[in-house]
Structures are given as C-alpha cells and as structure tokens.
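Colleague: I am new to this structure and would love a close look at a single part of it. Could you pick one helix and walk me through how it sits among its neighbours?

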Amino acid sequence: MTCQQLTRLVGDYVEGRMSTLEQLRFQFHLGLCEPCRVYLRQLEQTRQSLGHLPEEQPPAQVRDELLHRFRAWKATPR
Ligand SMILES: [Zn+2]
C-alpha cells in the first residue's frame, strides 16, 4: 500500500468500513510510515472535534419560520 492509497482509504478505516485484510494492510503501512500515522491522528482529532457539533442543523425549524413569514407577507393587503 502506498501513502496515496492510504489517504484514500483512511475514511473507510476510521468508520470501520474495511475488510480485515485491508485493515491489516492499512495498519502495516501505518507501522512503517510516520507521516501517515500523523495524518491519521490529525484526522481522528478533527473527527472528534466535529463530533461535538450537532449531527444536523435544524432545517425544519428554519423552513417553518420562512413559511410563516411568507404567509404573513402574502396576507398583508397591498
Ligand atoms: Zn505512508
């Protein structure tokens, strides 16, 4: 496995969407390659900090608010 392949597969690795064989090859490369270890660590830190944010923004609430304003605007006589 090359560094390029590793960076392409890193998302699958952190999300556990990888076969056992791929995981072994991935970890083998990590064991040999310092820059890729650093890369993975940074990626996991980023994921963890993002994990504190809500999964979804509240689009339904925003949409209701807009609809409400739109109806009020339409109801206003001109
Ligand atoms: Zn590497």
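Modeller: Happy to! Let's take helix α3, which is hardly covered: among its 17 residues, the count of buried residues is zero. Please keep in mind that this is a predicted model. Such sparse cover also shows in the protein as a whole, where 1% of the 78 residues count as buried.

Now for the helix itself. α3 covers residues 34–50, and its end C-alpha atoms lie 24 Å apart; this agrees with the 24 Å that 17 residues should span at 1.5 Å a residue. To place α3 in the chain, it helps to know that the secondary structure comes to four helices and zero strands, with the elements running α-α-α-α from the N terminus on.

The partner to look at is α1. The axes of α1 and α3 come within 11 Å and cross at roughly 30 degrees. Because angles under 35 degrees count as roughly parallel, α1 is roughly parallel to α3. Their crossing is right-handed. On the α1 side, the contact is made by Cys-3, Leu-6, Thr-7, Val-10 and Val-14. Facing them from α3 are Pro-35, Cys-36, Tyr-39, Leu-40, Leu-43, Glu-44 and Arg-47. Sorted by character, the residues of this contact divide into nine nonpolar, one polar and two charged.

Leu-43 also leads us to another residue. Its C-alpha atom is separated by 8.9 Å from that of Gly-11, although the two are 32 residues apart along the chain. Gly-11 has its place in helix α1, and it counts as exposed because it has 12 C-beta neighbours inside 10 Å.

Let's stay with α1 for a moment. This helix has twelve residues and reaches 16 Å from its first C-alpha to its last, close to the 16 Å expected at 1.5 Å a residue. Just after α1, Gly-16 takes a positive phi of about 70 degrees.

α1 has a contact with α2 as well. Here the axes of α1 (residues 3–14) and α2 (residues 20–32) come within 11 Å and cross at roughly 125 degrees. These two helices are therefore oblique to each other, and their crossing is left-handed. Leu-6, Leu-9 and Tyr-13 in α1 meet Glu-22, Gln-23, Phe-26 and His-29 in α2. The residues of this contact divide into four nonpolar, two polar and one charged. You may recognise Leu-6: it meets α2 here, and it takes part in the contact with α3 too.

Conventions
Residues are numbered from 1 along each chain as its sequence is written. This is a predicted model: local features need pLDDT of at least 70, side-chain atom pairs count only at pLDDT 80 or more; totals for chains, interfaces and linings use all residues. Axes are lines fitted to C-alpha atoms, for helices over the stretch in contact, and angles run from 0 to 180 degrees between N-to-C directions. Angles under 35 degrees count as roughly parallel, over 145 as roughly antiparallel, 65 to 115 as roughly perpendicular and the rest as oblique. A crossing is left-handed if the near helix is turned anticlockwise from the far one by less than a right angle, and right-handed if clockwise. Two residues are in contact if their C-beta atoms, placed from the backbone, lie within 7 Å. Ala, Val, Leu, Ile, Met, Phe, Trp, Tyr, Cys and Pro count as nonpolar, Asp, Glu, Lys and Arg as charged, and the others, Gly among them, as polar. The expected span of a helix is 1.5 Å times one less than its number of residues. A residue is buried if 20 or more other C-beta atoms lie within 10 Å of its own, exposed if 12 or fewer, and partly exposed in between; C-beta atoms are placed from the backbone.
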